[in-house]
Amino acid sequence: MTAKPMSITRKVLAMGLAGGMGVAATPALAEVSTETAFVLNTFSFLVHGFLVMFMAAGFAMLESGLVRSKNTAAICLKNIALYSIAGIMYYLIGYNLMYVGDSISWIGSVTLLYNPGDSEIALLAAGDDAAAAAAPLAAAVDNGYSVASDWFFQMVFVATAASIVSGTIAERAKFWPFMIFVAVLTGIIYPIQGSWTWGQGWLAQMGFSDFAGSTIVHSVGGWAALVGALIIGARKGKFGPGGTIHPMPGANLPLATLGTFILWFGWFGFNGGSQLALGSAADAIAMSIVYVNTNLAAAGGVVAAMVLTGAIYRKIDLTMVLNGAIGGLVSITAGPDLQNHLVAIIVGAIGGILVVVAVPLIDRLKIDDVVGAISAHLVCGIWGTLAVGIFGSANFGVQIVGILAIGAFVVITSGIVWGILRFTTGVRVTDEEENEGLDKAELGMEAYPEFGAGSQR
Amino acid sequence: MTAKPMSITRKVLAMGLAGGMGVAATPALAEVSTETAFVLNTFSFLVHGFLVMFMAAGFAMLESGLVRSKNTAAICLKNIALYSIAGIMYYLIGYNLMYVGDSISWIGSVTLLYNPGDSEIALLAAGDDAAAAAAPLAAAVDNGYSVASDWFFQMVFVATAASIVSGTIAERAKFWPFMIFVAVLTGIIYPIQGSWTWGQGWLAQMGFSDFAGSTIVHSVGGWAALVGALIIGARKGKFGPGGTIHPMPGANLPLATLGTFILWFGWFGFNGGSQLALGSAADAIAMSIVYVNTNLAAAGGVVAAMVLTGAIYRKIDLTMVLNGAIGGLVSITAGPDLQNHLVAIIVGAIGGILVVVAVPLIDRLKIDDVVGAISAHLVCGIWGTLAVGIFGSANFGVQIVGILAIGAFVVITSGIVWGILRFTTGVRVTDEEENEGLDKAELGMEAYPEFGAGSQR
Amino acid sequence: MTAKPMSITRKVLAMGLAGGMGVAATPALAEVSTETAFVLNTFSFLVHGFLVMFMAAGFAMLESGLVRSKNTAAICLKNIALYSIAGIMYYLIGYNLMYVGDSISWIGSVTLLYNPGDSEIALLAAGDDAAAAAAPLAAAVDNGYSVASDWFFQMVFVATAASIVSGTIAERAKFWPFMIFVAVLTGIIYPIQGSWTWGQGWLAQMGFSDFAGSTIVHSVGGWAALVGALIIGARKGKFGPGGTIHPMPGANLPLATLGTFILWFGWFGFNGGSQLALGSAADAIAMSIVYVNTNLAAAGGVVAAMVLTGAIYRKIDLTMVLNGAIGGLVSITAGPDLQNHLVAIIVGAIGGILVVVAVPLIDRLKIDDVVGAISAHLVCGIWGTLAVGIFGSANFGVQIVGILAIGAFVVITSGIVWGILRFTTGVRVTDEEENEGLDKAELGMEAYPEFGAGSQR
């Protein structure tokens, strides 16, 4: 556990190969200029933002692989649709609710639309006219980053929360009502609770600590999914009489594996970008630590889930291992800035164990979670948030307050929305449509028209 | 629509967690040094270039998912082959035709190969010898970016244009003639028309405006695909007597969905990188705006296609929604620098509507476009280019001149190449090979040898 | 072959569109500050590291596509498990063995765990206290990059080496023994030989040159795979009497294609990041050259494999072309810093040819390599390392010494580990389990439960 500050690397060799340049040739110690810091901060939001955006593909593939083939096209549609609606709603109203306002405590600003800053527009208009550019440049740089880059980065987070819901309620939720739910979740519910912490509201002032959103993103998605699963009900035939549980295996496990790898890949953006700055050596160091912890926690989740399912069932359940990776990632998300990476492995491994324990438990409660999202995102989200109170600098009691307050808010508001939808549009397809599969019923097509069982249906 | 320059973000919290560093600790206002700007500009080309490179995978998956299983391995082969040939041709001749020359008006330089700059090679050779490095360093930095990084970024664009063609003419085009077409398209046709605008040729001098290539990349690919579809003809059985159209559904819709998500992901490189610089706050701001507009236009395309197909057909066609996303992306590509993001949503939504309208129309014209590329890339490419004349600063008449000039050039030159191929090598497989599927006929293998119908063929 | 230092690009146009900013507006020549260089070096490790991490998904998809459907879930499990174990082992012991120590010659430090540097932790603790931050900031910046970022980048390399093995020995290797092998390979074998060159050990001192690991990563994986294949033996029925070879085609070729594209995408991180610095114009130029050569070598491998299989077999074998891309990439990996890109095309094309020649040869030797990894990674790894002695600045004899020394070490150590496993845990499943498929035997599930043949098994 001793730190080794000076590692020997390939650099010397590479310097020789490439002609001798490298760090050694750089000038004496000098700081990062403010405008350079602005560019680096902004670019960090963009790069990490596109990584998180790609998580939408990860969720789509994970869920495509874990549903039955008759519902595959429908889940693909839901995923691309919810990502789109999330972005539009967050532009129309959500970002302002979450982040804008002079003093945020319970809610941000209720103004509509979120566009570039005035100083930014003035700077772009000034062009090569250095005199005209001076004042707006100073004002823009003083903000630390481009406002559009921050919007982009925050937007992909709200989309993640919505993605979590779609998997749990797959194979029986009606399309349009779910889209309405997504619009409310991403435009209103998520932003309001987000403002409490990340918008410097009351939870932030209490000291609630959630680096990249174990609670604020993953548990929020998990709570909304749980309420949805309860109100929509289980798939026909999932739970039989006498507590029997009928397995309904996913149709395409390599796609589920791909989805998990994409999520893991995107999580470097999710956690790494949540450092929120790259304009100094300290930020770069902190961000690097976050990357390493993120990776090791996921690895811990995989190994723990693998060993545990192997020990319990004598067979190693791939879907459990995939959820173990996700559980490890969710668990470290509240505190990926730990300075001892061994702790990250432990936090992630506990996440993997929780998934293996929670999935059958939730089944036994007759809650039908098609992809295991409640276990991976809600249970591990709670664990990760508590872990910051154990291994990090946060106050354990405050962490519990945050978990409960956000949980209560999301359960109540989601419940109201799902409830209204249930008694107006309805929230699930007919039994006939469910038997036929949502692909034919709602989309009029098949995901795999030529393959096996699918081709006979 | 009011701009909010100072958003409250998670930064304050993160600063607290990570030890208090952040923008606040950086020094007083100072500029980006020229060498730093050089590094940032270069890195932007590399990062955005690898994103666009990945679009080759996106096209491969989109097309793999939308063809029938008997032609799936063949379309995979075509996609990896065309990406390879595009890169080699652009290195051998294309880049020089497009960008090199003292004064370009109708065509660039016809010299062969494109290698690093002399000053760059001298700088690398100088190594740690600061005296020897001084002059070449100044010369290299004065160029603003590494020439290889620019080549890389431009190369992935030409590959995109070629990728568009393969989808339209899938399932009946012969392999080697198509490869010859790709070589001519990427080595000669694309670069010459590209030089007119991006090589500072006559269209640029007229003021034609196409930020990242709605016309120069997407419509060019679309025109070449249209001409190919006309000369090669429709798949056997696609169009029956009396105007009947026989649907030939794609074999693997989750792969098509994945392909669309990959394209969306890569498009941040396509449009964001086309800012062409990251060495100042103004560039970083402009790039961020481009990212946001790119995302929102795609979202607009998705929602519009979803609502429209839902309204018209009562079922929501997934492939139409996927093409709606692509249509939205293509539509914003000519002008993603709009400073009001609401306009980007509208531009993208119109793109999504155009796709839904154009796909059946092109079917009715008995043009067999397997994946809908003509609708998404050509029709929306034209729309996006016109939109810059409506919402942006471009002259509407000049935009029309550019669209028509480039369209005429590509239609004529593509027609000549496809025509020559038709009367020499032939451009389509035999009826027997088409029935058997290209996988067995041209590759001697099956894409899915164990799955359903595929395993019996 | 003449270099063109000043290309005309889209920049002028984009500057006009975006309001006139760009490189032209930046100040007079000035250097990169040391702290900025630190940030850029670190961010390069992170960005290129996440690209290489994604190669784990590439290997998973490539192998998923090339095995039969009854072994698909098992290979997915192996890939996510080995990536996880590699990371944990490299943290526990591997990185220290490879890189840490005052003077490394045959082995690094045998200390456990690798955490952030003391100066880095002090800097983070100092926060906004500029006085307290000054000394640790200077010390951290003097290291050139964050140590965690370097760990992350090096870790994804060791995972790549392990990924190579899983493909060769797929469809019959037992799960847990393979995991033990992975732990030893990534924790001990790979790091020790890696220290010889990249840890500045005896091979580096001799002048052995392997920029990004044709030998150190790819051949190492290839040798371990070869020894594994020999000790585990061929799949039942693969090799019949009288030298007959029974083809066992992969179940899902679009996934194999996707995997190859992901590997290609990730390789920009693999080779580009191996420049190991981004803090100067010279580094940015060198990195850009690496990107271009990487892409062109892969393209050369594709075209060579395509033309050769077309010429020999009259049909173009997709799997051979995919391996041609990988062979081209592996071939350029030892020397992607060539300053004439034409040479990169040639080096890659020879790699593609070697794959087409080696695959049937290895079959004839009755070595059962399920995915062709020995050909693509070992054979081309040797070729690429030799190529640096031909086209690069390395001494040909020293290159041979390195190839032989590393090969001998890995063959012997892998052989010992595989041998011990064979006589303790056993290394392959029973014939019955092999017939049934590893998915059912070891995981108790099916990868594609609803598709065709798979649904009957």
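This is a short tour of a predicted model, stop by stop, with a selection to make at each one.

**Stop 1: colour by confidence**

Start by colouring chain A by pLDDT. The average for chain A is 92, and 92% of the residues score at least 70. Now select residues 1-28 of chain A, where the pLDDT is below 50. That stretch still has 98 contacts in the model beyond near neighbours in sequence, so please treat them with the colouring in view. For the complex, the predictor gives an ipTM of 0.94 and a pTM of 0.95.

**Stop 2: find the axis**

Next, show chains A and C as backbone traces. What turn lays chain A on chain C? A turn of 120 degrees does it, with a shift of 0.0 Å along the axis and an RMSD of 0.0 Å. That is the relation of a three-fold axis. To find the axis on screen, select A:Gly452: among the residues of chain A, its C-alpha comes closest to the rotation axis, at 2.1 Å.

Bring in chain B and repeat the exercise. Chain B superposes on chain C by a rotation of 120 degrees, with 0.0 Å of shift along the axis and an RMSD of 0.0 Å. In chain B the C-alpha nearest the axis belongs to B:Gly452, 2.1 Å from it. The copies use different surfaces, however: 19% of the contact residues of chain B recur in chain C.

**Stop 3: a buried salt bridge in chain A**

Hide everything but chain A, and show A:Arg235 and A:Asp368 as sticks. The two form a salt bridge, with 2.8 Å between the closest N and O atoms. Where do these two residues sit in chain A? A:Arg235 lies in the loop between α9 (214-232) and α10 (253-272), and A:Asp368 in the loop between α13 (341-364) and α14 (373-390), so the pair ties together parts that are 133 residues apart in sequence.

Are they buried or exposed? A:Arg235 is buried, at 4% relative accessible area, and A:Asp368 is buried too, at 1%. Add A:Arg68 and A:Glu171 to the selection: together with A:Arg235 and A:Asp368, they are linked in a network of salt bridges.

**Stop 4: one pair, seen in two chains**

Stay in chain A and select A:Arg428 and A:Glu434. Their side chains meet in a salt bridge at 2.6 Å, N to O. A:Arg428 is partly exposed, with 22% relative accessibility, whereas A:Glu434 is buried, at 4%.

Then jump to chain B and pick B:Arg428 and B:Glu434. A salt bridge joins these side chains as well, at 2.6 Å from N to O. Here B:Arg428 is partly exposed at 22%, and B:Glu434 is buried at 3%. Over all chains, the structure holds 15 salt bridges.

**Stop 5: where chain A meets chain C**

Show chains A and C together and select the contact residues: 94 from chain A and 117 from chain C. The two chains bury about 8,500 Å² between them, 72% of it on carbon and sulfur atoms. Elements that give two or more residues to the side of chain A include α2 (34-66), α11 (281-313), α12 (318-333) and α18 (452-456). Colour α11 of chain A separately, as the largest share of that side, 18 residues, comes from this helix.

How many salt bridges are there between chain A and chain C? The count is 0. Polar contacts are present, in 16 residue pairs. For a polar contact between these chains, zoom in on C:Glu450 and A:Ser69, whose side chains are 2.5 Å apart in such a contact. C:Glu450 is in the loop between α17 (438-443) and α18 (452-456) of chain C. At 13% relative accessibility, C:Glu450 counts as buried.

**Stop 6: where chain B meets chain C**

Finally, swap chain A for chain B. This contact takes 116 residues from chain B and 95 residues from chain C. About 8,500 Å² is buried between chain B and chain C, with 72% on carbon and sulfur atoms. Select B:Phe43, B:Ile80 and B:Glu450, which lose the most area to chain C on the side of chain B, together 9% of what that side buries.

The tally across this interface is 0 salt bridges and 16 residue pairs in polar contact. To end the tour, highlight helix α2 (residues 34-66) of chain B: the largest share of the side that touches chain C, 20 residues, comes from this helix.

Technical notes. Residues numbered from 1 in each chain as written. Chains lettered and ligands numbered in written order. Predicted model: local features only at pLDDT ≥ 70, side-chain atom pairs only at ≥ 80, totals over all residues. Heavy atoms only, no water. Least-squares fit on C-alpha atoms with pLDDT ≥ 70 in both. pLDDT = per-residue confidence, 0-100. Contact = heavy atoms within 4.5 Å. Salt bridge = Lys/Arg side-chain N within 4 Å of Asp/Glu carboxyl O. Helix = DSSP H or I, 4+ residues; strand = E, 2+ residues; numbered from the N terminus. Buried < 20%, exposed > 50% of the residue type's maximum accessible area, 1.4 Å probe, protein only. Buried area = accessible area lost by both parts, 1.4 Å probe. Polar contact = N/O pair within 3.5 Å; in protein donor to acceptor, adjacent residues only side chain to side chain.
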